Structures are given as C-alpha cells and as structure tokens.
Amino acid sequence: MIAGGAAASKKPMHFGPSMRRLLRRLAPHKVALVVVLLLATISVVFTVVGPKVMGHATNIIFDGVIGKQLPAGMTKDEAVAALRTQGQDTFADMVSGMDVTPGAGVDFTALGQVLALVLGLYLLAALFAWLQAFLLNRIVQGTIKQLRADVEAKIHRLPLRYFDTNPRGDVLSRVTNDIDNVAQTVNQTISQLLTALLTVIGILGMMVWISWLLALITVLVVPASIAVTTVIAKRSQKHFIAQWQTIGLLNAQIEEAYTGHELVKVFGRQREVRAAFDEKNNNLYESGFKAQLISGLVQPAVMFLGNLNFVAIAVIGGMRVASGSMSLGDVQAFIQYSRQFTQPLTQVSSMMNLMQSGVASAERVFALLDEDEQSADPEPAAGPPSKRGLVEFQDVSFRYKDDEPLIEDLNLLARPGQMVAIVGPTGAGKTTLVNLVMRFYEINSGRILLDGVDIATMTRDDLRSRIGMVLQDTWLFGGTIRDNIAYGLAGATEEQILGAARMSHVDRFVRTLPDGYDTVIDEEGNNVSAGEKQLITIARAFIAQPSILILDEATSSVDTRTELLVQHATAALRSDRTSFVIAHRLSTIRDADLIVVMQDGRIVEQGTHEELLEHGEAYADLYHSQFAGPAQVQA
C-alpha cells in the first residue's frame, strides 16, 4: 500500500501551472481584490513620493550651509561670477545649480513644513497599507477555508479504492500539513508580492523623473536578478517537491508505528521501526537541506547585484552634483529609491523558497482534488417501495485489478429475514462480497438487487440507510457512550438510545460505570474493553433499525463469555431482518438459514449446517479442521 502511494505522488509537477491554479482560487473575491489593489496603490504612491519630498528638505539644509559661506549682500549670479574669478569653477558650477541666498543660513520654517509633510505622507501610507492588509487577510483566509472545505468534500466523494491504495499518513498529511503550508505561503507572499510590484512601478517612475540616466543604470539590475532567481528556483523546486513527498511518507510511517506500537514491542521490532524511521527522516533532512541551501542563494545574489548598482549611482550622482546638473537632494532621493527599488526584488527572491514550498504542497493538495471520484448517484434515483431485505446477486463479477479476477459469475439469493453466513479461507472474497452490497466498490458486470431494485440505480445514501454494519475492528469516536450509540440514528431520542443499549446488553455494564452513559470514551477507546466496544457498536447498529445487517467477524476479538453476550445481542439484532454474517468461528453460524462457502471468489457450496456436513466437502473440511482436528491431535 505504501509503495502504491509513493508511486502515485511521483507524477510530473510544474511550478507555473500550480501557482496559477492556486491564484485562480482567489477569483470569487474579484471585487475585494480590486479594492485591495486600489488601497495598495494609494499606499505605495504616498510611500514613493516621500523620498522626493525628503530630498527637498536636504536641499534646504545644504542650500543654507553653502549660502552661509558666501558673502552677504550679493546675488547668486554675482557670487558665482566671483567664484569663477577666483578660479573655483567646480564650486561655481555647483552653486549655479542650487537655490541659495548668499549670506543666509538654513530656513528652519520651510524645513519644518517639509518634514511635517513627509510625516503626513508616511502616516497615510501606513494607514492604507493596514487597510489593504486587513482586507487581503480576509480574502486569503476565506480562500483557504474554501480549499479545506473542497478537500473535505472530496474525501467523501473518493472511492474506497483510493484509501486502500494510499497510506493513511500520506492522506492525512495532504489534508492537514500541506493545506497549512499553503495557507502560510499565501498569507505571507501575496501581500508582499503585490506591494513589491506596485513599489517597483512607482519607484521606477520617480527615478525616471529625477534622472533617466541613473534610472537606466538601476533598471539593468532587474533582468540580471530575474535570471539569477529563475536559474536557482528551477534547481531547488525538485527538492521542495521531494521534501513534502517525504513528509507524507514519514507521517505514514509514524502513524503506522504508533497505531501498532503494542505489536512492535511484542515482536521486538523496535530496531526495524527505528531504522525505517531513520531512513525516511534522513531523506527528509537531505531534501529539506538541499531545498533551503539552493533557494537560500537567491537573496545574497540579488543583494550583491543591488550593491553594485548602489556604487554606480553614488559615483555618477556625485559627479553630477559637482557639475551642477543635479541637486544633492535629488541624488539622496535617488539613492534611497535605488535601495527601495532593489528591496522588493530582494524580498521576492527571499520569498522564493517559501513560495516553492507552498506550491509543492499545493500540487499535492490539487493531486488529491484531481483524483477520480466514485460514480455519481443516478438521477432520478430508484428505491424499493418497502424494506423487506431481499438481496439477490445475478451473475456478479468483480476484480480489484483488471488483470486479476476475483469474483466471477456469482449468483446468490438471500430471502427476507434469512441469516446468510459466508465462510471460507482468507482471501476467498467474503468481505469483498459485503463491500459490493454496500457499493463501496462498483461491480464489473452483473447486478445486485435489493427488494427487486438494482442497487446501481439507488443513491448510496438511500442504500446504506437500509444497511447496518458491525465490523471486526470496532470504531468509536471521542465522546460519550450515549453519543456513540446515537451516532447510528440522527436525532435519536433518549428512549431509543436506552432501548438499543438494553437489547445489545450495553446497559448491563454501563450501569456499573460512575458516569453511566455520560462516560467519555477516549480517542483510542482504551477505557472500555474490546467486548464492551463491540457491544456498543452493536447498539449503534440496533438503533438504526436496518432492513439488512452485515456482521463481519463481530466476535473474533472477544473472550468466550463476552462472545456469548455478543451472540445474544446479534441474535436479537438479526431478528426479522436479512443478515449477512462473515465468520471464521463456525460455531457461531450453525443456526444460519443459509451457509455460503466461498473459495477464490466463487461459491463452491451453499446450504444449511447439517446439509453441508452431509455433503462432506469444503464446509465439512473447514468444520472438522476446527473441531475434530484438535481432538485427533490430543489422541
């Protein structure tokens, strides 16, 4: 089973299509996304205007400092001419490009007004950024909520075949860990990506406005950064996919080992289990280490390119200030813009590992959503007019794998009220037979009729509402005994619960418990015995009042005394309804109305206990192997 699950997870996966599919899930929130875009744009506009206004404040300070050094009473042109006369041509060029008043110092009034404007711009930018983040968070959480709901609904539409061929731990990992990782990725990346994109556009516009030459130098960094990020991302994506596949397999290993920890200790297999865990844990370490190592190269590489860009801007900008073709404030603003321009690129590159991890998880979730579903219920659906319990197999053939026949041309008639026992060696197809009645699997050919109606024309809910099932492996959920019994019938009354408990002998031991029917059963059901759990499951079937009852080895895991109680309970439950009983203990089915002996998917004998013993064939061999065999050995 684990091998099948691992193989299924190796199909080709691609970052781009999965990312687009993930983003398409935001489509129902189009109007809200437009509002988010508008709020983000306003916030970015206020943010990118700030450095330009701040550059004006720098100019006021620098103009005041230089003006104080010039003789008072002169105009700027006279001061420039005097400097050229003194041979200070470079200084004169710089002063000619400035707004100075010779002899005047810093205009603190104008400086205060500019700083107040900058403060207001940044406060407004923060306010709109908060509103944008608040609304986007609502959108993202709603999208992930719907994704979880879709996965939950998908689980209920998947055929039993899927769960038989995939490890439970891997399925649980997709439903829990992978969805949580997708939620974390979407939460942390969409807002930053949106803000980064708008910031790059806004800052690029401001840089072109200030100096197209310096803007061109800065823009040259972008294709280099994209090329570096793309190359590294392609190399690391396969390791992220391997990482989350290994997490699924590791969860399956842990779940399997924990569920069967008693058997592991009984057979002394701790070393083998630990070795299997260490192997998968090491594989997870290797894939996780490589994924983070390779993707972690993106940010340093982009930062290196950004630093080269900063050096080029500082040198060329300084030369232009000295020549008077740019003000110092514009150079300062441009340097700030260049850092802000590369900062979103650095953020995006640093988020690549998170994005790749999230998309790898999204691929696993989408793979689950794309699995083939069980066939849809027919419309309009048929339904037997009455609940008599007549079951008929007509030339039924079924196989789990196309090339491996299991049940071929099977015919069987179970009349209303009959107890039909199904016996045979392991692998004969006994449990498969009742699974076909429940439509857990669809037959390949033939028909199964319930009260004259083909069950393929009925809805599954209608069919299964007429059938009660008690399995060898008892399943109780965390809750009270009352809740577990009432699970068999929606809206069950207290009287119905107590009646089912008395008929199934549950009431006898519940009365001895301190909390009675309010006793809480833990998740593993360890605070009640195996026999008591089996009786509770019988009570759960009792309260449903089905027309057909299926008992699959209901007494195989209990002691002899409890077996008698279970037999009495199941006898009462079988009264006036058709029942299929799968049993290895032939002593429990001697009074069956019809005993069906199966071998290799075929019915080789059928009749009553006495008739089959008289035939002296397969059933007689099974019977004597259980009862006569031990006596002969002892003799």
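**A surface patch and the salt bridges of a predicted model**

Helix H9, spanning residues 212-219, supplies three residues to the nonpolar patch, the largest share of it. The structure that carries this patch is a predicted model. The patch covers about 530 Å² of the surface and is built from Val-208, Trp-212, Leu-213, Leu-216 and Leu-220. Among these residues, Leu-220 lies in the loop that runs between H9 and helix H10 (221-259). Leu-220 has a relative accessible area of 55% and is therefore classed as exposed, the cut-off for that class being over 50%.

From the nonpolar patch the account turns to charged residues. Side chains of opposite charge are able to pair when their charged atoms come close. In this model the number of salt bridges comes to 16.

One of these salt bridges is formed by Glu-373 and Lys-154, whose closest N and O atoms are 3.0 Å apart. Glu-373 is located in the loop between helix H15 (352-369) and strand S1 (391-398), whereas Lys-154 belongs to helix H6 (residues 108-157), so the pair ties together parts that are 219 residues apart in sequence. The two partners may also be described by their accessibility. Glu-373, at 37% relative accessibility, counts as partly exposed, while Lys-154 is buried, with a relative accessible area of 2%.

A further salt bridge joins Arg-364 to Asp-178, with 2.7 Å between the closest N and O atoms. Here too, distant parts of the chain are linked: Arg-364 sits in helix H15 and Asp-178 in helix H8 (residues 168-210), and the two are 186 residues apart. Are Arg-364 and Asp-178 buried or exposed? Both residues are buried.

Asp-507 and Arg-511 provide another example, their side chains meeting in a salt bridge with an N to O distance of 3.0 Å. Asp-507 has a relative accessible area of 14%, which means that it falls under the 20% limit and is buried. Arg-511, in contrast, is exposed, with a relative accessible area of 54%.

Which residues are joined into one network by salt bridges that share partners? The network consists of Asp-170, Arg-174, Asp-178 and Arg-364. Two of its members, Arg-364 and Asp-178, have already been met as the buried pair that connects helix H15 with helix H8.

Methods: Residues are numbered from 1 along each chain as its sequence is written. This is a predicted model: local features need pLDDT of at least 70, side-chain atom pairs count only at pLDDT 80 or more; totals for chains, interfaces and linings use all residues. Side-chain values use heavy atoms; hydrogens and water are left out. A salt bridge is a side-chain nitrogen of Lys or Arg within 4 Å of a carboxyl oxygen of Asp or Glu. Helices (H or I, at least four residues) and strands (E, at least two) are DSSP runs, numbered from the N terminus. Buried means under 20% relative accessible area, exposed over 50%, partly exposed in between (1.4 Å probe, protein chains only). Patches are made of residues with over 30% relative accessible area and no salt bridge: like charges are joined within 9 Å, nonpolar side chains (Val, Leu, Ile, Met, Phe, Trp, Tyr) within 5 Å. Accessible areas come from the Shrake-Rupley method with a 1.4 Å probe; for residues, only the protein chains shown count as cover.
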